[in-house]
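Thank you all for making the time this morning. I would like to walk you through a structure that may be new to most of you, and I will try to go slowly from one part to the next.

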Amino acid sequence: MFRVHRYLRTAFCPFSGPFQALGPVKANEFAFALGSFVIFDFVLDTSPRQNANKICFCARLIRIFGSALGISADRGRFYEAGTRLLPVSDYLFAIQGLDMDTKLMIFDLDGTLLDTIGDLAACCDHVLAARGLPRHTYEEYCGFVGNGVMRLVERALPEELRTPETVAAVRADFVAYYTENIDRFTRPYEGIPELLRELVQRGIRLAVASNKFQIGTEKLVRIYFPSIRFDAVFGQRPGVPLKPDPQVVQEILADTGAAFGAVLYAGDSGVDMDTARAAGVRSVGVTWGFRDRAELYEHGADHVVDRPGEILDLL
């Protein structure tokens with residue numbers, strides 16, 4: 001792949017003359033992007049096999065061209081992008097996605113596979129009430145979750161009590177109580193069990209990447225998806241940074257041997273979209289979770305869907 005990249009840059013940069021007004025670096029980048037499109041789409045005739053992949057590929061080419069011209073595209077609108085250029089990894093990612101079917105789907109857990117907010121809120125309120133502290137609304141808890149239990153507890157505590165010692169003590173109480181009461185209100189989102197069964201039927205491997213503590217993540221997957229095979233189920237573990245750090249995705253790819261271009265990552269938050277981007281895999285934002293559509297777009301979702309079944313069109 002890197003040899004192909006160097007060849008294209010060498011072959012097409014001499015034809016960047018018409019774009020030299022953009023500056024030598026931008027002109028060369030533009031010529032390389034144009035050459036990549038010509039070689040891979042016309043000469044080799046390797047257009048994506050499915051419309052979703054084609055749209056994703058073309059969108060990335062537009063971003064490349066826009067970067068070369070000093071503009072950027074965001075949901076159909078163009079604006080000034082200064083002198084920022086996309087890294088070489090973006091070119092490789094776009095080319096790698098050509099004609100490659102999805103072989104692995106990575107799912108966030110809370111807000112994507114399972115509606116867990118009822119149990120998270122009830123257990124956190126229980127711990128707060130035991131200390132004589134105020135409880136919170138459903139809407140507030142939707143904003144608290146997504147970055148691990150430590151941040152959930154920290155956000156739920158009054159600001160004057162957010163000391164490391166207090167947060168750690170409340171976290172310990174929460175984990176103990178939540179682990180025992182983890183499935184009172186939690187339910188899979190409508191259409192999720194059917195989606196997972198269809199993915200397995202199609203031979204697509206499955207994995208979970210969550211910021212929930214590992215024991216809780218494993219327990220929920222075991223309770224609600226007992227008949228579904230997951231190749232990896234990873235939550236928050238000591239020594240492993242939380243999402244949006246891409247390490248958890250990188251571990252999943254190493255364990256499964258999946259290629260970057262054959263992976264689709266599904267999540268309900270900007271943290272998930274940032275994680276997919278950092279890991280170099282395609283992302284799909286889901287709107288049935290704890291965050292809104294605007295957040296997903298703002299964090300660079302490649303796709304956004306409103307129902308689980310729509311994910312099948314992106315494979």
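**A walk through the model**

Let me begin at a single side chain, Asp-173, which counts as partly exposed because its relative accessibility is 35%. Please keep in mind throughout that what you see is a predicted model. The partner of Asp-173 is Arg-131, and the two form a salt bridge in which the closest N and O atoms are 2.6 Å apart. Asp-173 belongs to helix H8, residues 164–180, while Arg-131 sits in the loop between H5 and helix H6 (138–144), so this pair ties together parts that are 42 residues apart in sequence. Arg-131, with a relative accessible area of 37%, is likewise partly exposed.

As background, side chains of opposite charge can pair when their charged atoms come close. In this model the count comes to 13 salt bridges, and I will mention a few others. Asp-231 and Arg-205 meet through their side chains in one of them, at 3.1 Å from N to O. Since Asp-231 is in the loop between helix H10 (214–224) and strand S7 (232–236), and Arg-205 is in strand S6 (residues 205–213), the pair ties together parts that are 26 residues apart in sequence. Both ends of this bridge are partly exposed, Asp-231 with a relative accessible area of 26% and Arg-205 at 33%. Another bridge joins Arg-307 to Glu-310, with the closest N and O atoms 2.8 Å apart, and here Arg-307 is exposed, its relative accessible area being 54%. There is also a network, in which salt bridges that share partners join Asp-108, Lys-243 and Asp-272.

Lys-243 brings me to a detail of the backbone, which is that the peptide bond from Lys-243 to Pro-244 is cis, with omega near 20 degrees. If you want to find Pro-244 on the screen, look in the loop between S7 and H11.

Let me now step back to the chain as a whole, which has 13 helices and 10 strands. Of its 315 residues, 50% are buried. If we take the contacts between residues at least 6 apart in sequence, 65% of them join residues at least 24 apart.

Where do the nonpolar residues gather? The largest nonpolar core has 55 residues, and those with the most contacts inside it are Met-105, Phe-174, Leu-196 and Leu-199. Helix H5, residues 117–130, supplies the largest share of this core, with 7 residues. Apart from it there is another core, of 16 residues, including Leu-104, Ile-106, Phe-234 and Tyr-265. Returning to Leu-199, and leaving out residues up to four places away in sequence, we find that Leu-199 touches Met-105, Phe-107, Ile-204, Leu-206, Leu-312 and Leu-315.

H5 and H8, which we met at the start, also pack against one another, and their axes come within 9 Å and cross at roughly 130 degrees. That angle makes H5 oblique to H8, and the crossing is right-handed. On the H5 side the contact is made by Asp-119, Leu-120, Cys-123, Cys-124, His-126 and Val-127, and on the H8 side by Val-170, Asp-173, Phe-174, Tyr-177 and Tyr-178, so to speak of Asp-173 is to speak of a residue in this contact as well as in the salt bridge with Arg-131.

The last element I want to show you is helix H12, residues 270–279, where 7 of the 10 residues are buried, so that the helix is largely enclosed by the rest of the structure. The buried ones are Gly-270, Val-271, Asp-272, Met-273, Thr-275, Ala-276 and Ala-279. What covers them includes S6, helix H11 (247–256), strand S8 (263–267), strand S9 (282–286) and helix H13 (293–298). After H12 comes Gly-280, whose phi is positive, near 80 degrees.

Which residues does Met-273 of H12 touch, once neighbours within four places in sequence are left aside? Met-273 is in contact with Gly-267, Ser-283, Val-284, Gly-285, Leu-296, His-299 and Ala-301. Its relative accessibility is 1%, and therefore Met-273 counts as buried. Met-273 and Ser-283 are 10 residues apart in sequence, and their C-alpha atoms are 6.2 Å apart in space.

Methods: Residues numbered from 1 in each chain as written. Predicted model: local features only at pLDDT ≥ 70, side-chain atom pairs only at ≥ 80, totals over all residues. Heavy atoms only, no water. Core = buried A, V, L, I, M, F, W, Y, C linked by side-chain atoms within 4.5 Å. Buried < 20%, exposed > 50% of the residue type's maximum accessible area, 1.4 Å probe, protein only. Helix = DSSP H or I, 4+ residues; strand = E, 2+ residues; numbered from the N terminus. Contact = heavy atoms within 4.5 Å. Salt bridge = Lys/Arg side-chain N within 4 Å of Asp/Glu carboxyl O. Axes fitted to C-alpha atoms, helices over the stretch in contact; angles between N-to-C directions. Parallel < 35°, antiparallel > 145°, perpendicular 65-115°, else oblique. Left-handed = near helix turned anticlockwise from the far one by under 90°.
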